[in-house]
Amino acid sequence: MSIWWSLHLRREAASVPLARRLLLGTMETAGVDPDICYDLSVALSEACANAVEHGGDTTEDYRVTAFIDGDTCRIEVTDSGPGFHPRAAPPAPPHTATDRPLPPAAPVPTPAQAPEFAEDGRGLFLIEALTDHVRYRNRTGRPGAVVSFDKILKWREGAALPMAS
């Protein structure tokens, strides 16, 4: 068995905890280990907060899609903003893939190099630190950015989902 859901959310701060609670409820019901649930919920919150802050004008929504299939969870957050600017796009560290290469840019700090007390860039750092694989790309054919990340799941004993797979 697998679980898939998608939300279209208003670009407002109240949408962030809504997406987080839905993900947590789904994973807890399926029997995902609580530490994994927490890591993914923080990563999702950071990605949603970025979509709310940078995702276009206030009339635009953003989308959150989550897939739990077997032992992997993939989450994708898509907005309608300007996308990753070549100078602001996070470089792809060795453990990360980029779906569509962005034009070369001047060197910028990677999310892992975000200063300890920085106001910006810490969300991407947290997403990378809490997940197993991260991809950043611009939407194809329309404005917007896509941040997607995967995490290998661990299950509680007696979990519902792996037994039904």
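In which helix is Ser15 found? Ser15 sits in helix α1. Before the close-ups, a word on the model: it is predicted, so local features need pLDDT of at least 70 and side-chain atom pairs count only at pLDDT 80 or more, while totals for chains, interfaces and linings use all residues. Residues are numbered from 1 along each chain as its sequence is written, and side-chain values use heavy atoms, with hydrogens and water left out.

**View 1. The whole chain, to get your bearings.**
The chain has four helices and five strands. Here helices (H or I, at least four residues) and strands (E, at least two) are DSSP runs, numbered from the N terminus. Walk along from the N terminus and you meet the elements in the order β-α-α-β-β-α-β-β-α. Of the 165 residues in the chain, 42% are buried. Buried means under 20% relative accessible area, exposed means over 50%, and partly exposed is in between (1.4 Å probe, protein chains only). Now take the contacts (heavy atoms within 4.5 Å). Among those between residues at least 6 apart in sequence, 65% join residues at least 24 apart.

**View 2. Ser15 and its surroundings.**
Is Ser15 buried or exposed? Ser15 is buried, with a relative accessible area of 5%. Leave aside its neighbours within four places in sequence, and Ser15 is in contact with Leu9, Arg10, Val52 and Tyr62. You can also look across to Ser45, which is 30 residues away along the chain. The C-alpha atoms of Ser15 and Ser45 are 9.5 Å apart.

**View 3. Helix α1 against helix α2.**
Two packed helices are described by the angle between their axes and the distance between the axes. Axes are lines fitted to C-alpha atoms, for helices over the stretch in contact, and angles run from 0 to 180 degrees between N-to-C directions. Helix α1 (residues 15-30) and helix α2 (residues 34-54) pack at about 155 degrees, their axes 9 Å apart. That makes α1 roughly antiparallel to α2. For reference, angles under 35 degrees count as roughly parallel, over 145 as roughly antiparallel, 65 to 115 as roughly perpendicular and the rest as oblique. The crossing of α1 and α2 is right-handed. A crossing is left-handed if the near helix is turned anticlockwise from the far one by less than a right angle, and right-handed if clockwise. From α1, the contact is made by Ser15, Val16, Ala19, Arg20, Leu23, Leu24, Met27 and Glu28. From α2 come Ile36, Cys37, Tyr38, Leu40, Ser41, Val42, Leu44, Ser45, Cys48, Ala49 and Val52. Sorted by class, this contact has 14 nonpolar, three polar and two charged residues. Ala, Val, Leu, Ile, Met, Phe, Trp, Tyr, Cys and Pro count as nonpolar, Asp, Glu, Lys and Arg as charged, and the others, Gly among them, as polar.

**View 4. Helix α2 against helix α3.**
How do the axes of α2 and α3 cross? They come within 9 Å and cross at roughly 150 degrees. That makes α2 roughly antiparallel to α3. This crossing is left-handed. Asp39, Val42, Ala43, Glu46, Ala47 and Asn50 of α2 meet Gly123, Leu124, Leu126, Ile127 and Leu130 of α3. By class, the contact of α2 with α3 has seven nonpolar, two polar and two charged residues. In helix α3 (residues 122-130), the buried residues are Gly123, Leu124, Ile127, Glu128 and Leu130. Those buried residues pack against α2, β4 and β5.

**View 5. A network around Asp150.**
Arg74, Arg135 and Asp150 are linked in a network of salt bridges. A salt bridge is a side-chain nitrogen of Lys or Arg within 4 Å of a carboxyl oxygen of Asp or Glu. The Arg74 and Asp150 side chains meet at 2.6 Å, N to O. This pair links distant parts of the chain, with Arg74 in strand β3 (residues 72-78), Asp150 in strand β5 (residues 145-152), and their positions 76 residues apart. Asp150 also forms a salt bridge with Arg135, the closest N and O atoms being 3.1 Å apart. Arg135 lies in strand β4 (residues 133-138), 15 residues from Asp150. Asp150 counts as buried at 9% relative accessibility, Arg135 is buried at 6%, and Arg74 is partly exposed at 36%.

**View 6. Arg10 and Glu12.**
The side chains of Arg10 and Glu12 form a salt bridge at 4.0 Å, N to O. Arg10 is exposed, with a relative accessible area of 57%, whereas Glu12 is partly exposed at 38%. How many salt bridges does the count come to? It comes to five.
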